[in-house]
Amino acid sequence: MVYKKDLVLERSWQALLKEIGNVTGKRPKDMNAVLFLIGVQELGKGIQPFSKEEKQDLMHIAICKVLSLAGFYVLEGLDEDGWPHWKPTKKLPRFDLMEQEKLLKYQIIEYFEQEIGIVNDKE
């Protein structure tokens, strides 16, 4: 069963992907691409070549950042290389994969509204 809030979320998500594409010149193909962009933004070192491990770390930074907006993580600080480290502050709910994806989408949309200033149309 599809709920109205799921349709609204999906419309908001697609609108966000379109807006990111307008800003960057390339529409992200999936959530991982958006998380990578957020990670690069939060690292603050600009576009550069990243190793596979660094790309995974960037996505981890992004997940922690977007979930910090809901109080799940807090920034502990930066390491000697300037990479942020996060500490969990409360336990994440046990969700199936679909619910995890919805939570991340909501939080990513929130991130772009609060941190980047891209306002998304929510009905």
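In the predicted model, Lys65 is located in helix H3. With a relative accessibility of 12%, Lys65 counts as buried, since the limit for a buried residue is under 20%. When neighbours within four places in sequence are left aside, Lys65 is in contact with Glu42, Trp86, Tyr111 and Glu115. Two of these partners, Tyr111 and Glu115, belong to the H4 side of the contact between H3 and H4, and Glu42 belongs to the H2 side of the contact between H2 and H4.

The packing of helix H3 (52–68) against helix H4 (residues 97–116) was examined next. The axes of H3 and H4 come within 8 Å, with a crossing angle of roughly 80°. The two helices are therefore roughly perpendicular to each other, as angles of 65 to 115 degrees are assigned to that class. On the H3 side, the contact involves Ile63, Lys65, Val66 and Leu67; on the H4 side, it involves Leu103, Leu104, Gln107, Ile108, Tyr111 and Glu115. By residue class, this contact comprises seven nonpolar, one polar and two charged residues.

Helix H4 also packs against helix H2 (residues 31–43), the two axes coming within 12 Å and crossing at roughly 40°. H2 and H4 are therefore oblique to each other, and their crossing is left-handed. The contributions from H2 are Met31, Val34, Leu35, Ile38, Gln41 and Glu42, while H4 supplies Glu101, Leu104, Lys105, Ile108, Tyr111, Phe112 and Ile116. Nine of the residues in the contact of H2 with H4 are nonpolar, one is polar and three are charged. Leu104, Ile108 and Tyr111 of H4, listed here for the contact with H2, are also listed for the contact with H3.

A further crossing brings helix H1 (residues 4–24) together with H2, their axes coming within 12 Å at an angle of roughly 55°. This angle makes H1 oblique to H2. The crossing of H1 and H2 is left-handed. Trp13, Leu17 and Ile20 of H1 meet Met31, Val34 and Leu37 of H2. The contact of H1 with H2 consists of six nonpolar residues, with no polar and no charged ones. Met31 and Val34 of H2 take part in this contact with H1 and also in the contact with H4.

Val34, which is placed in helix H2, illustrates this double role. Its relative accessible area is 0%, and Val34 is accordingly buried. Apart from residues up to four places away in sequence, Val34 touches Trp13, Leu17, Ile20, Pro28, Ile108 and Phe112. Among these, Trp13, Leu17 and Ile20 are contributed by H1 to its contact with H2, whereas Ile108 and Phe112 are contributed by H4. The C-alpha atoms of Val34 and Ala62 are separated by 8.9 Å, although the two residues are 28 residues apart along the chain.

Aromatic rings were considered separately, and two aromatic pairs were counted. In one of them, Phe36 and Phe50 are arranged edge-to-face, with 6.1 Å from centre to centre and 85° between the planes. Phe36 lies in helix H2 and Phe50 in the loop between H2 and H3, so the pair ties together parts that are 14 residues apart in sequence. Phe36 is partly exposed, its relative accessible area being 26%, whereas Phe50 counts as buried at 12% relative accessibility. In the other pair, the ring centres of Tyr111 and Phe112 are 5.4 Å apart and their planes stand at 90°, so this pair is edge-to-face as well. Both Tyr111 and Phe112 are buried. These two residues are among those through which H4 contacts H2.

Beyond the helices, Leu75 is found in strand E1 (residues 73–78). At 44% relative accessibility, Leu75 counts as partly exposed. Leu75 touches Pro84, His85 and Trp86 when residues up to four places away in sequence are not counted. Trp86 is also one of the residues in contact with Lys65. Leu75 and Ala62 are 13 residues apart in sequence, and their C-alpha atoms are 12 Å apart in space.

Terms used:
Residues are numbered from 1 along each chain as its sequence is written. This is a predicted model: local features need pLDDT of at least 70, side-chain atom pairs count only at pLDDT 80 or more; totals for chains, interfaces and linings use all residues. Side-chain values use heavy atoms; hydrogens and water are left out. Axes are lines fitted to C-alpha atoms, for helices over the stretch in contact, and angles run from 0 to 180 degrees between N-to-C directions. Helices (H or I, at least four residues) and strands (E, at least two) are DSSP runs, numbered from the N terminus. Angles under 35 degrees count as roughly parallel, over 145 as roughly antiparallel, 65 to 115 as roughly perpendicular and the rest as oblique. A crossing is left-handed if the near helix is turned anticlockwise from the far one by less than a right angle, and right-handed if clockwise. Contact means heavy atoms within 4.5 Å. Ala, Val, Leu, Ile, Met, Phe, Trp, Tyr, Cys and Pro count as nonpolar, Asp, Glu, Lys and Arg as charged, and the others, Gly among them, as polar. Rings of Phe, Tyr and Trp (its six-membered ring) pair if their centres lie within 6.5 Å; planes under 30 degrees apart count as stacked, over 60 as edge-to-face and the rest as tilted. Buried means under 20% relative accessible area, exposed over 50%, partly exposed in between (1.4 Å probe, protein chains only).
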